[in-house]
Amino acid sequence: MITKEIAAKVQRRIGLFCAGNFMNKLVKIDIEGAEYGVLESILKSGNLPEIICVDFDEMSHVINWNTKKRMNQAFTGMLRNGYKPVWIEGDSVTFRKD
């Protein structure tokens with residue numbers, strides 16, 4: 001049992017990624033349903049990697065009735081930002097920027 005509390009300053013990884021100090025060639029996202037928000041943040045950042053690999057859990061495990069809409073929005077966002085799916089296997093999709 002934990003009995004001591006601590007306070008810590010944190011920064012989301014996306015904040016580090018979007019800082020503009022470096023350019024990632026490859027980003028792998030496998031975060032159990034939270035991929036939509038992270039993809040949106042990456043695309044809004046303007047600091048875009050060449051390749052984004054995403055594990056879409058909902059491709060095989062439908063969460064709710066809104067699954068199709070979320071998937072469509074994610075793919076549309078990727079296409080609008082110059083990404084094309086180059087590999088799909090199971091729940092994983094690899095996008096490459098033109």
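This is a conversation between a visitor and a guide about reading a predicted model of one protein chain.

Visitor: Let's start with the overall layout. How many helices and strands does the protein chain have, and in what order do they run?

Guide: The secondary structure comes to three helices and four strands. From the N terminus on, the elements run α-β-α-β-α-β-β. Keep in mind that the model is predicted.

Visitor: What share of the protein chain counts as buried?

Guide: Of the 98 residues, 32% count as buried. You can also look at how far apart in sequence the contacting residues are. Taking contacts with a separation of 6 or more, 58% of them are between residues 24 or more positions apart.

Visitor: On to the strands. Which of them pair, and are they parallel or antiparallel?

Guide: Take them pair by pair. Strand 1 (residues 26-29) and strand 2 run parallel, joined by four bridges. Strand 2 pairs with strand 4 in the antiparallel sense, over five bridges. Strand 3 (residues 83-89) and strand 4 (residues 92-97) are antiparallel too, with six bridges.

Visitor: Which residues can I use to check the register?

Guide: For strands 1 and 2, look at isoleucine 29, which stands opposite valine 54. Arginine 96 in strand 4 is a handy one, as isoleucine 51 stands opposite it and lysine 84 does as well. Further along, isoleucine 88 has valine 93 of strand 4 as its bridge partner.

Visitor: How many residues sit between the strands in the hairpin of strand 3 and strand 4?

Guide: Two, and glycine 90 in that hairpin takes a positive phi near 60°. There's another glycine to look at after helix 2: glycine 46 follows that helix, and its phi is positive, near 80°.

Visitor: Is strand 2 largely enclosed or open to the outside?

Guide: Count its buried residues, using under 20% relative accessible area as the cut-off. Four of the five residues of strand 2 are buried, so the strand is largely enclosed by the rest of the structure.

Visitor: Where is aspartate 55, and is it buried or exposed?

Guide: Aspartate 55 is found in strand 2 (residues 51-55). Its relative accessible area is 10%, so it counts as buried. Its side chain makes a polar contact of 3.3 Å with the side chain of serine 92. Leaving aside neighbours within four places in sequence, the residues in contact with aspartate 55 are Lys28, Ile29, Asp30, Glu35, Asp91 and Ser92.

Visitor: Now helices. How do I read which side of one faces inward?

Guide: The general idea is that an α-helix has 3.6 residues a turn, so residues three or four places apart point the same way. Here, the buried residues of helix 2 (residues 35-45) are Glu35, Tyr36, Leu39, Ile42 and Leu43. They cover an arc of only 130° around the axis, which puts them on the same side of helix 2.

Visitor: Which residues line the second largest pocket?

Guide: The lining is made up of Tyr36, Leu39, Glu40, Leu43, Arg70, Gln73, Ala74 and Gly77. Helix 2 and helix 3 (67-80) are the elements that give two or more residues to that lining. The space in this pocket is about 200 Å³. Notice that Tyr36, Leu39 and Leu43 are in this lining and also among the buried residues of helix 2.

Visitor: What about methionine 71: which element is it in, and is it buried or exposed?

Guide: Methionine 71 lies in helix 3. It is buried, with a relative accessible area of 13%. Its C-alpha atom is 8.3 Å from that of tyrosine 36, and the two are 35 residues apart along the chain.

Visitor: Where is leucine 48, and is it buried or exposed?

Guide: Leucine 48 belongs to the loop between helix 2 and strand 2. A relative accessible area of 13% makes leucine 48 buried. From its C-alpha to that of lysine 97 the distance is 8.5 Å, although 49 residues separate the two in sequence.

Methods: Residues numbered from 1 in each chain as written. Predicted model: local features only at pLDDT ≥ 70, side-chain atom pairs only at ≥ 80, totals over all residues. Heavy atoms only, no water. Buried < 20%, exposed > 50% of the residue type's maximum accessible area, 1.4 Å probe, protein only. Arc of directions from axis to C-beta. Polar contact = N/O pair within 3.5 Å; in protein donor to acceptor, adjacent residues only side chain to side chain. Contact = heavy atoms within 4.5 Å. Pairing = 2+ DSSP bridges. 1 Å grid on protein atoms, 1.4 Å probe; cavity = no way out; pocket = protein on both sides within 12 Å on 5 of 7 lines; lining within 4 Å. Points joined across faces, edges and corners; volume = space filled by probe spheres on them.
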